[in-house]
Amino acid sequence: MARTLCQISSELNRQLGLLVQRSGKVEAVIVGTHTQVMIPHLESSRASGGRLSGLRLIHTHLAGEDISDEDLMDLLFLRLDFISVLKVAEDGLPERLYTAHLLPGATDGNNWSFLNPVHPANQTESVEELIAAIEGELGSRHQTSLVDKKKDRAILVSVSTEKKLAAEESLRELEELARSADVVVLDTVLQRKNHVNPRLILGKGKLADIMIRALQVDANLLIFNEELNPSQIRSITDFTDLRVIDRTQLILDIFASRALSREGKLQVEMAQLKYMLPRLSSRDDALSRLTGGIGARGPGETKLEIDRRRINDRLARLGKELKKVSEERYRRRAKRRKKELPVLSLVGYTNAGKSTLLNTLTNSDIIAENKLFATLDPTSRRLRFPTDMEVIITDTVGFIRHLPEELVQAFMATLEELEEADLLVHVIDLSNPAFRQQMAVVDKILAELSLGDIPILKLFNKIDLVEDPQMVREIIGQEGLVVSAVKPESLTDFLAEAEKLIGKALETGLG
Ligand SMILES: Nc1nc2c(ncn2[C@@H]2O[C@H](COP(=O)(O)OP(=O)(O)OP(=O)(O)O)[C@@H](O)[C@H]2O)c(=O)[nH]1
Ligand SMILES: [Mg+2]
């Protein structure tokens, strides 16, 4: 075969390539130019995650050149079993066979290894055994359990121009988001840069490192912390053969899986479509990857096929439905207002403990868990203060930095309810090292919602998780109240203070 390949290649004066399966069956014959072969799209290798593609490429080189950098990139990004170069001698006979394969355990940046060049007739090594050894080594490095195999397994990537600490903190939050979306996080990559590569975000070399890492840990998904534009997603996907999403889409996916109420579902679908619209392209394969999201929680498959116009129609209809639903809610609210109960609204960063606090105060049982965006749908309960004053206490969706614009718009109606509040209680998670930044994010969003006139009480929560509570109390005590939402006895001062503030608000309201 080597002799025939060389002979034809030399007669055509073009490179010839064979893609060969492990069984020895030839999957494709490629006729190239004098200097290169173009490998066709390998459908079969898609989504194979932590395994090699099961194909090796053997191609001729006519000008006496060795295995090139492009060859090695093909080896890596197509996860080929092997890449071989067959050097053609001047007389059209095979001269030598050069072979490279991936190194699963590379630690020193050498992601591949070369076999000794041989004349094709003198090959002694067993291809099957070598491949089996490489795959065995790869498999032994996979840390995911069988259960996790069914989940999405991601490498998180951040290419940040922020300062180191801020960038690390932001990546930690992305990890929390991924965990909340039920994604297994296998590795994180942080790269700080002054300038971001507009096409691939990362340099090719770094992307190659990430790719080999994905192979080693058996990842099938890359989640970028920075918002990617459609062409960036496409080029990175094409380059790495992995699914690629960004933080915004991750948040949208979490929202999609959490929305329970009709209004919540409408809002999330609206946000998803708005996110998708500018990202629609004529290339449908890119689209399906783009909108697939985590698992199959993106807008359904049939919706992916509809074009812009129909999405716009859908958006218009959603807008109408949402309006109707929010009018219903308005009527409900009006009824509540008639009873003239004052309203205390809990606001704060996601996971701060708002729902837990509402549960403790009102003996309720709404969902509170250690996941970001546990609450999407607003909940209201009655709360009786010790002095018999009765108020409505409401819990809403938590905030996060860089809240996707699409979501802000979609949730505007829900957030507008906050305008009705007589007191906003800003719940803060003291145990989170980034609580200062989180406070700033919440303040900013509150300002944007023009809620500036409503009194705010800062409630520093989770003091039970803080290392030196006494010291923290002394420092923080100046700014607000320090509590633990899981310890009812710690809430006495808060109740008294809240009552006082609401009383004052009502008085000035009346006056
Ligand atoms: N140890 C401790 N854990 C708390 C406290 N308050 C809340 N938690 C925990 O923090 C996690 C988040 O609490 P949630 O009440 O769901 O937070 P949330 O503000 O409603 O969050 P979202 O609905 O996601 O915005 C849960 O696992 C709670 O059990 C506290 O005072 N001490
Ligand atoms: Mg909650």
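Modeller: Before we start, domain bounds here come from an automatic or database domain assignment. This is a predicted model, where local features need pLDDT of at least 70 and side-chain atom pairs count only at pLDDT 80 or more, while totals for chains, interfaces and linings use all residues. Residues are numbered from 1 along each chain as its sequence is written, chains are lettered from A and ligands numbered from 1 in the order in which they are written, and side-chain values use heavy atoms, leaving out hydrogens and water.

Colleague: Cool. What volume does the largest pocket have?

Modeller: About 760 Å³. A pocket is an open set of points on a 1 Å grid over the protein atoms alone, where a 1.4 Å probe fits, with protein on both sides within 12 Å along at least five of seven lines. The volume is the space filled by probe spheres set on the points, which are joined across faces, edges and corners.

Colleague: And which residues lie closest to its centre?

Modeller: Ile39, Glu70, Met73, Asp74 and Leu78, out of 24 lining residues (an atom within 4 Å of a point).

Colleague: Which element gives the most to that lining?

Modeller: Helix 2, with five residues. Strand 3 (55-61), helix 2 (69-77) and helix 7 (230-240) each supply at least two. Helices (H or I, at least four residues) and strands (E, at least two) are DSSP runs, numbered from the N terminus.

Colleague: Which domains does the lining of the largest pocket draw on?

Modeller: Domain 1 (2-141) and domain 2 (146-242) each contribute at least three residues. By class, that lining has nine nonpolar, seven polar and eight charged residues.

Colleague: How much space is in the second largest pocket?

Modeller: About 520 Å³. Its lining also has 24 residues, and Ser84, Leu97, Thr99, Gln123 and Val127 lie nearest the centre. The classes there are 14 nonpolar, seven polar and three charged.

Colleague: Which elements supply that second lining?

Modeller: Among those giving at least two residues each are helix 1 (2-12), strand 1 (16-21), strand 4 (82-88), strand 5 (94-102) and helix 3 (127-141). Strand 3 is another of them.

Colleague: Switching topic: what order do the strands have in the four-stranded open sheet?

Modeller: The order is 8-7-9-10, with parallel pairing (two strands pair if DSSP finds at least two bridges between them). Strand 8 (184-192) and strand 10 (243-246) are the edge strands, each pairing on one side only.

Colleague: How many bridges join strand 9 to strand 10?

Modeller: Four, and strand 9 (residues 221-224) runs parallel to strand 10. If you want one to look at, Phe224 has Asp246 in strand 10 as its bridge partner.

How values were computed
Ala, Val, Leu, Ile, Met, Phe, Trp, Tyr, Cys and Pro count as nonpolar, Asp, Glu, Lys and Arg as charged, and the others, Gly among them, as polar.
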